[in-house]
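Me: I'm new to this one, so could you take me through a single part of it, slowly? I'd like to hear about the nonpolar core and what sits around it.

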Amino acid sequence: MKVRNFMVLDLKTGTYKDLIDSEHIYAFIVVDHLHRAYHPLRGGDIARYDPKTGKLDRLKQTIDGKPPTAESHLADAEGHPINWDISTDGKTLYCVPMSANQLYAYDLTAEGDTLPGRTVGPLIVGAKAATDCRALCVGPTGDVWAAVTEKYAPLKISLAHLVSYHPR
């Protein structure tokens, strides 16, 4: 396994502090309304670094009050590419595992050692085959956008979709 470290760089000195080996496939780092940085960890936990205290927390996650399911790909033992972005107010983290047809939202204002998430809904309603989300972002008005492909078996092609979610 390649080492994929979560680090803090001091721009004044050019030195860095190694926080943790995330062992995760990709580094999707977001910063919340309190300037805390989040990074996924292999196996489903989430690292949260608070620059005010210099403390690194290892958070569990729940989806709709329960641990993530195997089908969600949020807690794969070997990791899974996960697309993350944060709401414009920095209080909600949106997430789509690359091979899952679901959008999830986490409450970044919650306290404790568990990050509560909820299922927002499918990216492509009624998709009959595998989907693949390679891009996710939150736009300046707070809408969530995702680029998703869906296998279309009758023609042996993939259909491209631009999906949006309006949290209001």
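Reply: Here is a walk through the core, followed by a couple of other buried spots. Keep in mind that this is a predicted model, where local features need pLDDT of at least 70, side-chain atom pairs count only at pLDDT 80 or more, and totals for chains, interfaces and linings use all residues. Residues are numbered from 1 along each chain as its sequence is written, and side-chain values use heavy atoms, with hydrogens and water left out.

A nonpolar core here is a set of buried Ala, Val, Leu, Ile, Met, Phe, Trp, Tyr and Cys residues joined through side-chain atoms within 4.5 Å; buried means under 20% relative accessible area (1.4 Å probe, protein chains only). The largest such core has 15 residues, and Y38, W84, L93, C95, Y106 and L115 have the most contacts inside it. At least two of its residues come from each of strand 6 (55-63), strand 7 (82-86), strand 8 (92-97) and strand 9 (102-107). Strands are DSSP runs of E, at least two residues long, numbered from the N terminus. Strand 7 gives the most, with 3 residues.

Contact means heavy atoms within 4.5 Å. Skipping residues up to four places away in sequence, C95 touches L74, I82, N83, W84, Q102, L103, Y104, Y106 and L136. Apart from this core lies another, of 13 residues, including Y94, A105, V138 and V144.

Now for V163, which sits in strand 13 (residues 157-165). V163 counts as buried because its relative accessible area is 15%. Its C-alpha is 8.1 Å from that of V144, though the two are 19 residues apart in sequence.

Technical notes
Buried < 20%, exposed > 50% of the residue type's maximum accessible area, 1.4 Å probe, protein only. Helix = DSSP H or I, 4+ residues; strand = E, 2+ residues; numbered from the N terminus.
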